[in-house]
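Let's take a look inside a protein and see how its interior is packed. Have the sequence and the 3D view ready.

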Amino acid sequence: MSTSIPCTILRGGTSKGVYLREGDLPTDPKEREATILAIFGSPDKRQIDGLGGADPLTSKVCILGPPPTTGRGKSADLSYTFGQVEINEPSVDFRSLCGNLTSGVGAFAIWNGLVAAVSPMTVVRVYNTNLDSMLIVEVPVLDGRPVESGDFTIPGVPGSGAKIQVDFADTAGASAGALLPTGNPCDRLNIKGVGKIDVSMVDIGNAHAFVRAVDLGCSGTESAATIDADTELSRILERIRAHAGVAMGMIDDPEKAAKVSPATPFVAMVAPPQDYENVIGGNNVTADESQFLSRLMFMQQMHKTYAGTSTVCTGVASRIPGTIVHEARRPSDRDQMIVRIGHPAGVIETESAVDINGGAYAVNRATLERTARRIMEGTVYIL
């Protein structure tokens, strides 16, 4: 006999996820994971027997519950746990955070009465269990309901919607212990099978490792499909990711990185601003539209657009002198709070404010602007 579980499917930014209430899932961690895998139809490369879309950007779960009564989250409106559901493996990775779907958390909370709707803007304080951090989500509201229509557009998402803003400033150092986990804006790592290469490791939103595209024989203008087709380049990027994870204290053995921590740290190739073709939108992006370019590896595949937490982390990294991202950013724009990142499907913006006092760094603002909408509400059945 099948088991029924209430669920909502939302698009948040350039991702799509299944949103569940904590109280509707088993309390035992193993049973909870098995239930989530069944909901998504994993492991199966097509996820044909579940709600997963056979793509890392659509194989994501958000679990919402009451806020904790003690600790950092006691002043929150609700708690939020994110899970990256593996497609080909029977595993859910709870180590990372999805910035895109976080925008949907605020809307979900209002739709489901977890917070009171306040017009014209409802501020939702979300305690994220993955990073033990507070996220601030600002959701436009009209007549007691989240506004979904509007004129704000996102590269990689058709149409337009109402702008939702998420501030990730509190997540600095949450994954690896410090904004600069090694204490340096740039390190030279000696990586087996790759050699010596400069890497900037920065941790906000999720931990990231940034490398120069030119150091890997790339221009930084490549499409996601072009990079994925280069198996040797993909292998090198995964090796860099694995060794950076060790350097940041997140992974014990680089040989096991893809299994024990497939999502984090993320790895990205950055390059100075240039013209390039947006193969998804079918148009050209000119060099003056962005301040630098980045191509992001996510779950061992090149991201077709750009992850939300990566937007935040990349923006903050571009404000820290000595990082590879700061080096790639157009010099005349380095003091601006607004950061414009050129990715395979266009340009994404973030606000980044970092105070630097000697060797100490304080992130005061690290925002992501997204749209979100409900796609369906109903019941999912699992065997």
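Here are some questions and answers about the cores and cavities of this predicted model.

Q: Which residues have the most contacts inside the largest nonpolar core?
A: In general, nonpolar side chains in soluble globular proteins tend to be buried together. Here the largest such core holds 58 residues. Inside that core, the residues with the most contacts are Tyr80 and Phe210.

Q: Which helix gives the largest share of this core?
A: Look for the element that supplies five residues to the core, since that is the largest share. It spans residues 99–111, and that's helix 2.

Q: How many residues are in the other core?
A: Apart from the largest core lies another one. Its members include Ala176, Ile197, Met201 and Cys218. The number of residues in this core is 29.

Q: What is the volume of the largest cavity?
A: There are two cavities of 30 Å³ or more to pick from. The largest is lined by 16 residues, with Lys60, Cys98, Phe266, Phe298 and Ala307 nearest its centre. Strand 4, helix 2 and helix 6 each supply at least two residues of that lining. The volume is about 70 Å³.

Q: How many charged residues are in the lining of the second largest cavity?
A: This cavity has about 50 Å³ of space. The residues lining it are Asp55, Pro56, Leu57, Phe298, Gln301, Met302, His303 and Lys304. Four of them are nonpolar and two are polar, and the number of charged ones is two.

Terms used:
Residues are numbered from 1 along each chain as its sequence is written. This is a predicted model: local features need pLDDT of at least 70, side-chain atom pairs count only at pLDDT 80 or more; totals for chains, interfaces and linings use all residues. Side-chain values use heavy atoms; hydrogens and water are left out. A nonpolar core is a set of buried Ala, Val, Leu, Ile, Met, Phe, Trp, Tyr and Cys residues joined through side-chain atoms within 4.5 Å. Buried means under 20% relative accessible area, exposed over 50%, partly exposed in between (1.4 Å probe, protein chains only). Helices (H or I, at least four residues) and strands (E, at least two) are DSSP runs, numbered from the N terminus. On a 1 Å grid over the protein atoms alone, a cavity is a set of points where a 1.4 Å probe fits but cannot get out, and a pocket is an open set with protein on both sides within 12 Å along at least five of seven lines; lining residues have an atom within 4 Å of a point. Grid points are joined across faces, edges and corners, and a volume is the space filled by probe spheres set on the points. Ala, Val, Leu, Ile, Met, Phe, Trp, Tyr, Cys and Pro count as nonpolar, Asp, Glu, Lys and Arg as charged, and the others, Gly among them, as polar.
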